[in-house]
Amino acid sequence: MSRLTRILSVATVASIALAGQAFAHAHLKSSVPADKAAVASPSELDLTFTEELNLKFSGVTVTGPDKGEVKLGDVMLMDGDKVLMVPVSDRLAPGSYTVDWHVLSTDGHKTEGNFTFTVKP
C-alpha cells in the first residue's frame, strides 16, 4: 500500500468517526401534544428523543397565553430513558402554549428547542 493510499485511508476513517459523533446528539423525535396541534388540556407532555437522556441536566418549561409559566410536576424518564414525561399540574386554559426544552444526552451532548400547541376551548 502506497503512502498516499494510507494517508487517504486514515483521513477517510477519521472523517467517518467525527461525522458519527455529530449525529450523537439527542434530538426531539416526537411530542405529545405534537408541534402546532390543537388539543384538549393535556395532563402530561411526552417528549421522545433519539438518544438516552440524563434527567439531572434536562428540563422543560411551558409558557401560557398570558406569558406566565405553567406549573408542572416532577419530570420523569420513561421508555429506555428516551422519553421525558412532564406532568401538567393544573388544567390549562384555552390558548397557545410554548414548550421550551433542554436536554443532556447520556454521552454528554446538550440540545435544546421548543414547540407550540394550542388548547381548544
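## Two aromatic pairs

W101 is buried, with a relative accessible area of 8%. That value falls under the 20% cut-off, which is why the residue counts as buried in this predicted model. F49 also counts as buried, at 1% relative accessibility.

How many aromatic pairs does the structure hold? The number is 2. In one of them, F49 and W101 meet edge-to-face, with 5.0 Å from centre to centre and 70° between the planes. F49 belongs to strand 3 (residues 44–49) and W101 to strand 7 (residues 95–104), so this pair ties together parts that are 52 residues apart in sequence. Y97 and F117 form an aromatic pair that is stacked, at 5.6 Å centre to centre and with 15° between the planes. Because Y97 lies in strand 7 and F117 in strand 8, the pair ties together parts that are 20 residues apart in sequence. Both Y97 and F117 are buried.

## The chain as a whole

The protein chain contains 1 helix and 8 strands. Read from the N terminus on, its elements run α-β-β-β-β-β-β-β-β.

Of the 121 residues in the protein chain, 28% count as buried. The chain exposes about 7600 Å², and carbon and sulfur atoms supply 57% of that area. Among the contacts in the chain with a separation of 6 or more, 60% come from residues 24 or more positions apart.

## The antiparallel sheet

The strands are arranged in sheets. Strands of a sheet pair through backbone hydrogen bonds, either parallel or antiparallel. An open sheet of 4 strands has the order 1-3-6-5, and its pairing is antiparallel. Its edge strands, strand 1 (28–32) and strand 5 (76–78), each pair on one side only. Neighbouring strands of this sheet are turned by 25° against each other on average, with direction ignored.

Strand 5 is joined to strand 6 (residues 83–87) by 3 bridges, and the two strands run antiparallel. Which residue of strand 6 is the bridge partner of M78? The partner is V83.

## The mixed sheet

Another open sheet is formed by 4 strands in the order 2-8-7-4, here with mixed pairing. The edge strands are strand 2 (37–39) and strand 4 (59–63), and each of them pairs on one side only. From one strand to the next, the twist averages 30°.

Strand 2 pairs with strand 8 (residues 110–119) in the parallel sense, over 3 bridges. A38 has T118 of strand 8 as its bridge partner, and A37 stands opposite F117. F117 thus appears again here, having been met above as the ring stacked with Y97.

Do strand 7 and strand 8 pair in the parallel or the antiparallel sense? They pair in the antiparallel sense, over 10 bridges. At one position along this pairing, T98 stands opposite T116 in strand 8. Strand 7 and strand 8 form a hairpin with 5 residues between them. G108, in the turn of that hairpin, has a positive phi of about 95°.

## A buried loop residue

V88 sits in the loop between strand 6 and strand 7. Is V88 buried or exposed? Its relative accessible area is 11%, so V88 is buried.

Which residues does V88 touch, not counting those up to four places away in sequence? They are P42, S43, E44, L45, V70, K71 and L72. E44 is 44 residues apart from V88 in sequence, while the two are 5.0 Å apart in space, C-alpha to C-alpha. E44 falls within the residue range of strand 3 (residues 44–49), the strand that holds F49.

## One salt bridge

The count of salt bridges comes to 1. In this salt bridge the side chains of D35 and K36 meet, at 3.2 Å from N to O.

How exposed are the two partners? D35 has a relative accessible area of 39% and is partly exposed. K36 counts as exposed, at 67% relative accessibility. The cut-off for exposed is over 50%, which is why K36 is placed in that class.

Definitions and conventions. Residues are numbered from 1 along each chain as its sequence is written. This is a predicted model: local features need pLDDT of at least 70, side-chain atom pairs count only at pLDDT 80 or more; totals for chains, interfaces and linings use all residues. Side-chain values use heavy atoms; hydrogens and water are left out. Two strands pair if DSSP finds at least two bridges between them. Axes are lines fitted to C-alpha atoms, for helices over the stretch in contact, and angles run from 0 to 180 degrees between N-to-C directions. Rings of Phe, Tyr and Trp (its six-membered ring) pair if their centres lie within 6.5 Å; planes under 30 degrees apart count as stacked, over 60 as edge-to-face and the rest as tilted. Buried means under 20% relative accessible area, exposed over 50%, partly exposed in between (1.4 Å probe, protein chains only). Contact means heavy atoms within 4.5 Å. Accessible areas come from the Shrake-Rupley method with a 1.4 Å probe; for residues, only the protein chains shown count as cover. A salt bridge is a side-chain nitrogen of Lys or Arg within 4 Å of a carboxyl oxygen of Asp or Glu.
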